[in-house]
Structures are given as C-alpha cells and as structure tokens.
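Work through the following exercises with the coordinates loaded, and compare each step of your reasoning with the solution given.

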Amino acid sequence: MSGSPSVVIVGGGASGTLAAVHLLRLARARAMPLEIMLIDQYGRHAQGQAYSTTDPRHLLNAATDRMSGLDDDPGHLLRWARDNGLDVDGSGYLPRQAYGRYLRDLLAAAEDRPVRVVRRVTATATALLQCPDEGPDVRVQLSGGGRIGADAAVLALGNRPQAPWPRVVDAGSRRYVADPWAPGALARIRDGAPVLVVGTGLTMVDVALTVTSAHPGTVVHALSRHALLPLPHPCPVPPPVQAAIPEGPLGLAALLRAVRLAVRDNGGDWPAVVDGLRPRTQRLWANLSPDDRRRFLDLVARHWEVHRHRIPPATAARIGELRANGRLRVLRGRLVRATTGPGGISARVSADGTVRRLDVGWLVNATGPGSGVAGDPFLSRLVADGVVRQDALRLGIDADPRGAVLDATGRPSDRIFTLGPTLRGTLYETTAIAEIRAQAAALAPRIADALALAVHPR
C-alpha cells in the first residue's frame, strides 16, 4: 500500500464508519487504491458511543427500514438482519448492539484488500498538523507520542462530551457517573440504591432501563428543567405530511405558526407533520436569522427534540411501567449541589419551586451532548491552532456547504473535512443516520478529488 492515497478519520463511530464506507465504495468504482486509518479512542471501531451498548433493551430509535447505512440502498439493513437470523420487519426496532454489528460488517464488506484497506487504530488524537512541505499533507498526533500522516483528514468526532459539573463536590467519586457511555460506566450500579439522573432525554431512558433491570429495588429520580420525556413513535407510523411553509427567510414565530396550522389541518396528527419537516429542517434552519436560531435553542429546542427524536413503542411502554410502579420519578427543576461520600450522595434539588434534599446512592449525568469545544482537548487544540473555528452559535465547528472545515480566517480547507454532529450549529439536524449517511455519500467524491490532486498536483 506504500504510495497509495490515504485518509485519516478521527472518530470510529457511525459518522467515521459511514464516511469510510462511502469513500471505499467510491474508490472501488473509480479503481483507485486507498488506505484509511480509522482512529477510535476506546477501540470501538464501527460502534462508537451509540452502538457499543451491550444491553439488549437499548433499541434503535428509528425503524429498521429507515436505518440503512448506504445512501443508495434503503433496504440494505433489513436484508442484513434477515440474513443474520434477526426476526424483524421494516417497521420493527433492532437492538442497538445489533446495529453495531451491522456497521462492522458494512465496513468490512467495503474493503477490497489489499488495494483498499482500513487500518483500525486505537488511540487518542491530541493534535492535527498541516505539513504540506514535509510529505503527507496532514498529520494526527497521538497521545502515546506517535503520528499518523495522510493526504486528507476527516473529523468524525460525534457528539461532544457532557460539560463538567461545578455543582458536584468530589466529582471523582465512583458514585458520580460523569459519562454513562464510558465503557463499564453503568455496570457498577447494581446495589439497588436510588439513582439521581440529571436529564430526562434519550440518555436518561437508556440509563433507567439498564439500572432498573440490574436490581429489582432500584428507583430512578430523573430531573430536568422541563421534565419532558421523549415521546413514542405511533404504531403504525403514518406517512409524512408536508406543512405549507414559504421558502426563503422566515421568522421563528411565523415558522412555528405554520407548523401548528399544519398539525391542526392534519387532525392533530403531529408525528406525520414532524416527519414531513425532517427533509426540510436543515434548509429551514439556514433561513432563520442568527437571533431566531438563538431563540429557538432557548425556547423551542427541547420541545422539538421530544417530538422529533422519538422512542420505540416497546421502550415507551417499559418507561410507562416504571413510572406507574414508582420506580421512575420525574422531577421538574435543577440540581443545586451534590456532595459525594463513601456511602452515597446528598443532593440539593430545586424542584417545583422548593429546594429539598435527596439522598441517593448514585448520580448520573445524562444531560446529553455538550456544546462547542468545552471538555474536548483535541477539538480545543484545533481551535487554538486556527485549524478550525467554532460556528456562530458555538455548538460545533464551522464548515462550508460541502463539508470542508473553515479555519480561523474563514478559509475552507482542501484537505480537512467533517460530518455529523460537529455540524450542528450549521445544519442543526445532523445527528441521525439518515442525515449522516447522506453527508458521507456527498463527501466521498470531494475527498476523492482532493486525493487525486494530492497524487497528481498538476
């Protein structure tokens, strides 16, 4: 493979895997040799945070017929599931651990050894250097001191880690779970002690399913500012309905009014209207003014998320059972302070207008992905070095419409690209497989062209 065009992908989850898959398939179609170095911090290549779970109760939040990894083959996942003996139809919901196996198989099938290969690297990236006069155009510095050189790089960093909590005294305590998706993080919550989970979104749902199944006496207290839980998918899922929304710049108030009218005109069937908005969401986001985008984040985002990012009916039924028997208690409020000790945690919680003490055995941060570069040393270094810049809302990093990152001066790179959740500030809806696979398919020819230029500069 010496001398072959090469790409280093930082991030081995769904975004990085689908970027590699679409690039390998394009390279095969063009009869182009290719070497991809896929870096994952925990060695969870093709699984990442979302699909490395081993709990079979954690299901995909979208039906099988919507989760193909190939942009041009919507039935691919369903065929794979049937070929692997999984009893599921197009409207069913696979366990996420099965989807992790699917992504691994998809990546392996895209390789064409020895001409087109993926080198799976387990390491933490600490810096990205651009060295056009010293061989490879980009070099990724690794925490162990090594470097990986390549002709181009893809930042497939996934969701940002949760921001640190200043309200937790002794945040290093084993009874405080700062990242519920770190390997083995939830495995130790098995003693039946009550659990305080801050956050009531999709992560809380997964945490509640796992810890209540590990011990029959566990009670979960879920706390958030709005106390809104994800809503279930209807069964059957209705066909999408297109809301009458004008094209071009639109104020947030007018947009919300148009959506409410569409729901009313559809007899109150909001899931069909929300699903009809999905292909248009990125364009609608782009048409909002910067001030309206900020207002959306402050006032509307949480309500949009519980309607847009829904959970399977079986998951919703289990959550309903836990609430009915008192094992899941949802609180509206915020965490004031938590003091950890060897036997548990004493939390001061402001809920429903009063501050009270809540004694629990465990505290879990399930507030969801963080914003910007806080808590991510690699991304912070990229910003500090001027290799990338944050987007205007500081939700992720800035890029041009075709996925090339913008440096500190706003200039698009011809060697460094990105996709997935890092583009949240630019695209907003960019975390689901449907959006990521489309971005991966669109990004592949641009990277291939950059590689061709690297090999034949003239």
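Helices (H or I, at least four residues) and strands (E, at least two) are taken as DSSP runs and numbered from the N terminus, and the expected span of a helix is 1.5 Å times one less than its number of residues. The model is predicted, so that local features need pLDDT of at least 70 and side-chain atom pairs count only at pLDDT 80 or more, while totals for chains, interfaces and linings use all residues. Residues are numbered from 1 along each chain as its sequence is written, and side-chain values use heavy atoms, with hydrogens and water left out.

**Exercise 1.** Compare the span of helix H4 with the expected one, and determine what covers its buried residues.

Solution. Begin with the length: H4 runs over residues 202-214, which gives 13 residues, and its first and last C-alpha atoms are 19 Å apart, close to the 18 Å expected. Next, apply the burial criterion, in which buried means under 20% relative accessible area, exposed over 50% and partly exposed in between, with a 1.4 Å probe and protein chains only. By this criterion 10 of the 13 residues of H4 are buried, among them Met204, Asp206 and Leu209. Finally, look for contacts, defined as heavy atoms within 4.5 Å; the cover includes helices H3 (96-110) and H9 (313-324) together with strands E10 (195-198), E11 (220-224), E12 (328-341) and E15 (362-365).

**Exercise 2.** Classify the ring pair of Phe296 and Tyr428, and place both residues in the chain.

Solution. Rings of Phe, Tyr and Trp (its six-membered ring) pair if their centres lie within 6.5 Å, and planes under 30 degrees apart count as stacked, over 60 as edge-to-face and the rest as tilted. The structure holds six such aromatic pairs. For Phe296 and Tyr428 the centres are 5.3 Å apart and the planes stand at 85°, so the pair is edge-to-face. Since Phe296 belongs to helix H8 (residues 290-308) and Tyr428 to the loop between helix H11 (424-427) and helix H12 (433-455), the pair ties together parts that are 132 residues apart in sequence. Phe296, at 10% relative accessibility, counts as buried, and Tyr428 does so at 5%.

**Exercise 3.** Describe the surroundings of Thr64.

Solution. Locate Thr64 in the loop between strand E2 (34-40) and helix H2 (76-83). Its relative accessibility is 0%, so Thr64 counts as buried. Once neighbours within four places in sequence are left aside, the contacts of Thr64 include Leu77, Leu78, Val88 and Tyr93.
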